[in-house]
Amino acid sequence: MFFMIFVNDVAGVARIPAWIGHTAAEVDGMGFSDLIFPAFLFIVGLSLPFAIQTRINKGDGMLAIAAHILLRSLALIVMGFFHVNLESYNSDLAGLAKPIYTLLITTGFFLVWLDYPKEISNIKKYGFITIGVVLILVMGYCYKGGSTENPHGLAPHWWGILGLIGWAYLFSALTYLLTRGKMWWLLIAFVIYALINITTHMDLLHVNLWQIGDASSITLMMGGAVIATGYQYLIAQQQSKKLWFLLSLSGLLCIALGFVLRPYAGGISKIYATPAWVFICMGITILTFQLIIYWVDVKDKKDWFKWIKPAGTSTLTCYLMPYVLYAVLSLVHFNYPSFFNAGVGGIVRSFLVAFIVIRIVALMEKYRIRLKV
């Protein structure tokens with residue numbers, strides 16, 4: 001989450017090294033920024049077995065868990081849908097400045113999906129939620145995008161980062177639920193999604209699979225679920241040596257598979273979500289996961305991450321807060337000194353922005369202001 005905020009901000013910095021930024025769609029390659037979103041998808045997959053097993057242990061039935069998955073997915077898809085349309089928002093046509101529109105729609109998100117304290121009365125809670133729903137609907141009605149010659153209303157041009165996470169979560173979580181977390185069934189499901197991605201980009205599959213698409217995001221998320229399930233089993237069996245071996249092997253095999261597929265399935269491209277990009281990013285993330293396990297579980301260095309802990313405990317809040325920050329800076333006509341708009345100064349700025357956003361969320365957590373879906 002820290003690096004997701006960083007790469008989103010550094011995209012607006014001039015004269016940065018090519019390896020830091022996003023690689024153009026037609027270029028066979030990837031930069032550091034192209035690794036962050038797939039890593040995030042993989043991490044969501046890592047959390048799936050723990051989250052669903054916790055609900056099962058609490059006594060939730062299949063239908064209750066499925067309903068939770070659907071509602072959680074819907075929340076992410078709705079937020080992603082509005083964020084995508086912000087890209088083509090036209091203040092002149094809508095009659096409302098974009099920063100104001102952004103703040104209002106974000107306020108609606110908070111009112112609907114706030115993690116309300118248990119002490120609050122249901123009347124207040126559902127009253128605030130109703131206000132949030134009405135605000136979102138009104139903002140949807142007021143939305144105007146495009147140009148004067150070619151205006152348009154809200155439309156799913158693509159689903160945005162949150163929307164892609166939402167769709168991938170829907171299919172991955174339901175898959176995990178239906179397989180009941182059995183390793184072999186999970187592996188079969190992972191292979192099926194991976195084959196959809198591979199055959200689509202090799203121009204062998206010509207079927208419209210609705211929101212599954214080329215299954216790139218689902219493949220990454222299911223990869224995380226498979227790794228987490230194996231991790232749980234091996235830790236329970238006290239087979240840590242086998243864990244290190246299998247994580248290393250899995251990571252290296254994924255990277256190798258990515259390079260093998262590279263010449264036959266569209267090269268390495270984040271924009272086109274090619275199999276080479278999917279598996280190389282998955283392999284790097286598995287090896288990084290292994291390194292963090294070593295730091296945190298073996299060497300007990302969890303305090304290394306305490307300053308950015310809210311990025312893990314209030315992840316969605318951290319993702320939305322830059323929208324608030326940029327809107328406020330725009331309203332007050334704030335401009336960074338030129339040193340912080342390019343080169344090393346700009347990179348430092350982006351690191352500071354990521355850190356400041358997370359510390360703002362840390363303060364919000366103290367007052368129990370955080371989103372929960």
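I began with asparagine 197 and placed it in helix H8 (residues 183-201); helices here are DSSP runs of H or I with at least four residues, numbered from the N terminus. The model is predicted, so I accepted local features only at pLDDT of at least 70 and side-chain atom pairs only at pLDDT 80 or more, while totals for chains, interfaces and linings use all residues. Residues are numbered from 1 along each chain as its sequence is written, and side-chain values use heavy atoms, with hydrogens and water left out.

**Asparagine 197**

I looked up the accessibility of asparagine 197 and found a relative accessible area of 0%, so this residue is buried. For this term I used under 20% relative accessible area as buried, over 50% as exposed and the range in between as partly exposed, with a 1.4 Å probe and protein chains only. I then followed the side chain of asparagine 197, which reaches the backbone oxygen of aspartate 214 at 3.2 Å. Setting aside neighbours within four places in sequence, I listed the contacts of asparagine 197 (heavy atoms within 4.5 Å): they are Asp214, Ala215, Ser216, Thr219, Ala273, Thr274, Pro275 and Val278.

**Salt bridges**

I searched for salt bridges, taking a side-chain nitrogen of Lys or Arg within 4 Å of a carboxyl oxygen of Asp or Glu. The count came to 6.

I noted arginine 349 with aspartate 9, whose closest N and O atoms are 3.0 Å apart. Arginine 349 lies in helix H14 (residues 343-366) and aspartate 9 in helix H1 (residues 2-10), so this salt bridge ties together parts that are 340 residues apart in sequence. I checked both partners: arginine 349 is buried at a relative accessible area of 8%, and aspartate 9 is buried at 4%.

I next recorded glutamate 119 with arginine 368, a salt bridge with its closest N and O atoms 2.8 Å apart. This pair also links distant parts of the chain, 249 residues apart: glutamate 119 is in the loop between helix H5 (98-113) and helix H6 (122-142), and arginine 368 is in the segment after H14. Glutamate 119 is exposed, with a relative accessible area of 59%, whereas arginine 368 is partly exposed at 43%.

I also entered the salt bridge between the side chains of lysine 302 and aspartate 300, at 2.9 Å from N to O.

**Aromatic pairs**

I paired rings of Phe, Tyr and Trp (its six-membered ring) with centres within 6.5 Å, calling planes under 30 degrees apart stacked, over 60 edge-to-face and the rest tilted. I obtained 24 aromatic pairs. The rings of tryptophan 167 and tryptophan 210 have centres 5.1 Å apart and planes at 80°, so I entered them as edge-to-face. Tryptophan 167 is in helix H7 (residues 160-179) and tryptophan 210 in the loop between H8 and helix H9 (216-236), 43 residues apart. Tryptophan 167 is buried at a relative accessible area of 11%, but tryptophan 210 is exposed at 57%. Both belong to one aromatic cluster, formed by Phe81, Phe82, Phe109, Trp113, Trp159, Trp167, Phe171 and Trp210.

**Cysteines**

I searched the whole structure for disulfides (cysteine sulfur atoms within 2.5 Å) and found 0. Cysteine 281 is in no disulfide, and its nearest cysteine sulfur, that of cysteine 254, is 11 Å away. Cysteine 281 is buried, with a relative accessible area of 0%. Cysteine 142 is partly exposed at 31% relative accessibility.

Note on methods:
Helix = DSSP H or I, 4+ residues; strand = E, 2+ residues; numbered from the N terminus. Polar contact = N/O pair within 3.5 Å; in protein donor to acceptor, adjacent residues only side chain to side chain.
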